[in-house]
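Please open your viewer and get ready to make some selections. We will go from stop to stop, and at each one I will tell you what to look for.

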Amino acid sequence: MFFRREADAVLNPEKYENGETTFSYDNKTCDFGVPPLMSLIKVQAEWERVIERIIQIQNGRTRRPDTEDSERFVYEIDEDTLEIWPRLQKRTKNGSWTSGKSLTLSAFKKSTSPSGPVENALRNLVEGGERFVSSRLGGAEAMSHLIGYPYVYRLDTDLSQRIEVCKGSLELSFTKNKNGEIVPHHNLENFSQAALLTYDYLSVWESPEVLKIYHLSHEEQQILGQLNKVKSFPARSVKPLTQMIKEISTDIPVLSDLVSDKEMKPTAKAVSKITFQFSPTDYNCYSVHAVVRPVPGSTMAFEPGHGLQFVTVNVNKELVSVSRDLKKEKTNWEEIENKLLSFSDYQENSDTWILNTEQVLEFMEVLRENKGICDIAWPQEVKFKVDKPPITFDSINLNIRSIGSWLTMQGKVQLDGKTALEMDELLDKIREAKGRFIKLDDTEYVAISDKLKKVLSQIAKVTHKKKKELEISAFNAGSLKELEDAGVSLNADQEYRDLLSRIDSANNLNVSVPSALQAELRSYQIDGFEWLARLAHWGAGAILADDMGLGKTIQTITLLLFRASQGPSLVVTPSSVLYNWRDEISRFAPSLNIHIFNSGDRKKILETAGNNDVVLCTYGVLSSEIENMSKPVWNVVVLDEAHAIKNRTSQISKNVHSLKSKARVLLTGTPIQNHLSEIWNLFDFANPGLLGSLPDFSERFIIPIEKYQDKDQQRLLKKMISPFLLRRTKAEVLEELPQKTEITIKVSMSPEETALYENLRNNTLENLASGEINSIQAMAALTKLRQAACNPKLVDAKLDIPSSKASVFLELVKDLIANNHRALVFSQFTSHLALIKQVLDEAKIEYLYLDGSTPTSERKGLVEKFQTGLTPIFLISLKAGGLGLNLTGADYVIHLDPWWNPAIEDQASDRAYRIGQERAVTIYRLITENTIEEKIIDLHLTKRSLADALLEGADMSSKLSKEEILKLLSV
């Protein structure tokens with residue numbers, strides 16, 4: 001007779017070791033088997049009675065029947081006590097779920113919605129009336145109601161660590177020992193015998209993510225009690241044991257190697273495939289466990305190639321017996337194990353892996369390729385599928401049609417015989433792809449070859465939808481050609497084919513320097529001209545971004561001469577260099593006809609312009625005449641100092657974009673001065689659509705590169721623009737240039753200057769910290785600090801505090817003049833230059849002066865006067881001095897104050913350090929110690945080259961955050 005009480009056993013096998021208290025019964029066995037005294041009398045042995053009783057128990061078993069909302073319950077579980085904590089979640093308008101509100105057991109018991117079988121069962125387990133409710137809900141019995149429930153999580157993990165509650169089943173096995181005796185075993189041997197016979201519900205943590213609940217029936221407890229009476233059965237018990245196994249295996253899985261095929265013929269063919277069981281873990285990872293499930297329809301699992309050969313189990317109330325092919329299982333396992341070697345870094349042990357989502361998809365693709373020897377098993381509510389073969393180049397069919405400088409694209413991607421994707425769908429999915437897998441629906445993924453994904457990813461970044469078609473710039477035709485060359489079926493119109501033909505012919509174009517050019521080009525200048533000519537041949541725009549002083553103008557004049565027979569060209573320049581262009585063209589290409597649009601008969605120039613004609617026009621006049629200037633289709637449009645159109649919202653930029661041309665050349669030593677968006681606007685004129693729309697460019701490049709220093713996006717951007725942007729530095733191409741030395745002179749402030757500066761700095765810090773000024777106002781305060789570091793009179797003209805920087809400057813200039821040197825002196829503040837003029841006047845030192853207000857007609861005279869050596873000092877505003885000045889007469893450059901972007905300073909310095917300079921050049925920077933000027937110099941360290949400025953960030957001056965401003969203000 002067995003006594004039962006309604007209680008739970010919450011047992012973890014690890015917790016019943018090392019001497020912890022357990023329950024036990026007296027397990028002595030009795031064997032009354034003796035030889036018969038008379039042929040008519042038979043005395044049963046204990047093992048025989050055990051077998052009979054188990055069969056009787058089995059035959060007397062009472063059969064038990066197998067037993068979208070706006071709110072739902074999730075349940076958090078304490079792993080040690082198995083206490084259950086309900087949390088009510090609500091669905092949001094966008095279909096997601098709130099984090100949920102934890103409920104007391106009293107509130108949970110009283111709640112009526114949502115009300116499903118799980119909720120009703122758990123509420124019934126909560127004891128107490130209206131006023132007094134038990135403080136605990138949990139244990140193995142309560143957990144049994146959560147079997148298969150998808151929303152169970154570990155306590156205190158913010159619903160990030162999911163728990164799978166599974167139903168466990170009693171399993172029996174009978175094996176022979178070395179003495180031939182038959183030893184019974186079961187899968188709950190870690191529990192004490194007392195626990196097995198006392199508790200109806202048992203729980204085992206099979207892994208940190210899987211909790212298995214066992215509900216032992218009365219009959220199962222009786223069977224375990226009987227088996228406990230014998231440690232083993234004698235060899236002669238095989239036949240009655242076999243009969244017993246047949247009886248009990250209708251309800252309890254039984255493993256046995258007692259019988260052979262002859263004694264117990266298999267009723268089904270054993271499955272030898274390796275099954276990979278996937279289950280979610282915490283932190284969006286998945287556990288993968290390799291097993292063999294030999295019985296069709298049963299989840300009973302074994303280690304591949306190991307364990308008992310014969311297995312008998314009930315499947316859908318029918319007894320199924322199989323004979324495992326252990327050799328085949330082992331062969332399959334070794335084969336698939338070799339295919340999974342690339343995942344060895346993620347193995348917890350020989351047959352278990354922990355993978356993230358992307359790795360799971362890669363793993364499943366390997367399994368899909370070997371589906372003859374393996375299967376995949378997921379929990380019911382979670383499932384990924386990778387069933388379709390990978391998308392390759394030959395899966396795609398495209399139709400291309402040309403419209404001006406744009407291409408429209410339609411197409412299909414065949415996934416299998418039944419399923420296809422539209423090309424725009426594929427590109428959308430590529431943008432959201434995990435690794436090399438794209439998501440077809442909530443559960444299904446398909447692989448895509450790495451090379452194809454790389455090409456399509458680039459195309460996805462520069463296409464946009466227009467009705468049912470995709471539009472892509474004709475300047476991205478190379479990517480489409482790459483698709484076709486790799487096997488994509490591409491049906492295109494003749495205009496597209498002609499474009500490809502022009503691109504191919506451009507590579508083989510016979511480009512030679514025109515004999516009419518009256519100049520000897522350097523080898524790098526010939527390379528630059530040939531590059532410009534090839535791009536112009538097929539209609540692409542080019543950005544020539546060579547260092548200042550390397551001859552961008554002469555390379556462009558050579559191109560204009562080379563293409564002179566193909567129609568009139570237009571050169572747009574700042575007003576300060578308009579006549580420089582006239583003089584340079586007259587000198588080097590006298591066969592070209594020059595028309596100054598600013599001062600000539602504009603209507604006549606436009607009406608009569610033809611072959612060999614070059615029209616020179618300033619940006620200002622272009623804006624006033626844009627309606628007429630945008631009518632002709634120019635042979636080549638040249639934008640000098642092209643950063644003038646960096647701001648896409650400016651009127652100059654809008655006007656320039658209205659011009660029509662066969663080819664476009666943009667000349668600038670600084671294609672980016674403040675923001676990465678400036679390079680987008682230059683390319684939008686040079687090659688419209690190449691970089692996609694500005695919002696897309698911002699999302700895909702500006703934010704990742706400028707904010708997060710994303711090196712992968714930097715490399716991608718460089719790859720996209722490099723065919724159309726040429727940049728050479730002096731160090732790369734000019735070995736004959738003399739030495740250039742850069743020296744920083746530290747200036748110490750007087751106590752009065754220091755007091756003024758610190759007062760301004762502290763006031764700015766306090767106001768910024770308190771929120772009394774915003775970032776824009778803080779930038780104005782920074783400017784005031786920069787001026788205070790130069791001269792107190794820039795802060796307040798009434799202050800009578802001498803400038804330490806002015807004193808150092810004067811001593812430096814006197815020394816230079818005494819040694820027959822000439823110097824260019826730059827400042828970004830014209831007000832600072834005005835004070836310097838006073839200092840020079842008082843010292844009776846002659847100088848020249850140029851700023852943005854200097855008329856164009858006077859600039860040439862000032863340059864010639866300095867170059868002839870009549871005046872030793874040339875004061876120049878930084879902005880005005882960066883354009884079109886050749887001042888190789890100077891061998892010293894002095895920067896009175898630092899500018900945020902070092903490229904602008906370099907551009908000014910290059911007025912002296914350029915082709916034609918024969919003397920060593922020394923560049924001085926006057927930096928006031930312990931001021932913001934030192935912080936600005938620190939910023940220069942990461943922005944010294946154009947390439948760094950272009951691909952690693954923009955100028956800080958107008959994009960400083962509050963934290964960055966505070967850093968600049970720090971001591």
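A crossing of two helices is called left-handed if the near helix is turned anticlockwise from the far one by less than a right angle, and right-handed if it is turned clockwise. Helices here are DSSP runs of H or I with at least four residues, strands are runs of E with at least two, and both are numbered from the N terminus.

Before you select anything, note that this is a predicted model, in which local features need pLDDT of at least 70, side-chain atom pairs count only at pLDDT 80 or more, and totals for chains, interfaces and linings use all residues. Residues are numbered from 1 along each chain as its sequence is written, and side-chain values use heavy atoms, with hydrogens and water left out.

**Stop 1: helices α14 and α15**

Select residues 523-537 for α14 and 552-562 for α15. Their axes come within 9 Å and cross at roughly 45 degrees. Axes are lines fitted to C-alpha atoms, for helices over the stretch in contact, and angles run from 0 to 180 degrees between N-to-C directions. The two helices are therefore oblique to each other; angles under 35 degrees count as roughly parallel, over 145 as roughly antiparallel, 65 to 115 as roughly perpendicular and the rest as oblique. Rotate the view and find the right-handed crossing of α14 past α15.

Now show side chains. Among the residues in this contact (heavy atoms within 4.5 Å) are F529 and L532 of α14 and L559 and F562 of α15. By class, the contact has 8 nonpolar, 5 polar and no charged residues. Ala, Val, Leu, Ile, Met, Phe, Trp, Tyr, Cys and Pro count as nonpolar, Asp, Glu, Lys and Arg as charged, and the others, Gly among them, as polar.

**Stop 2: helices α22 and α23**

Next, select residues 694-708 (α22) and 711-721 (α23), which pack at an angle of about 125 degrees with axes 9 Å apart. That angle makes α22 oblique to α23. Which way does α22 pass α23, left-handed or right-handed? The crossing is left-handed. On the α22 side, F697, R700, F701, P704 and I705 meet Q713, Q714, L716, L717 and M720 of α23. This contact has 7 nonpolar, 2 polar and 1 charged residues.

**Stop 3: helix α30**

Select residues 902-909, the helix that holds Q907. In α30, 8 of the 8 residues are buried, so the helix is largely enclosed by the rest of the structure. Buried means under 20% relative accessible area, exposed over 50%, and partly exposed in between (1.4 Å probe, protein chains only). Q907 counts as buried at 5% relative accessibility. Add M548 to your selection: 359 residues separate M548 and Q907 in sequence, yet their C-alpha atoms are 6.2 Å apart.

**Stop 4: strand β8**

Go to I182 in β8 (residues 182-186). I182 is buried, with 0% relative accessibility. Show F233 too: I182 and F233 are 51 residues apart in sequence and 4.9 Å apart from C-alpha to C-alpha.

**Stop 5: two asparagines in loops**

Select N612, in the loop between α17 and β30. Its phi is near 70 degrees, a positive value in a residue other than glycine. N612 is partly exposed, at 34%. Then move to N820, in the loop between α27 and β35. N820 also has a positive phi, about 65 degrees, and counts as exposed at 66% relative accessibility.

**Last stop: the whole chain**

Zoom out to see 33 helices and 39 strands. Of the 971 residues, 53% count as buried.
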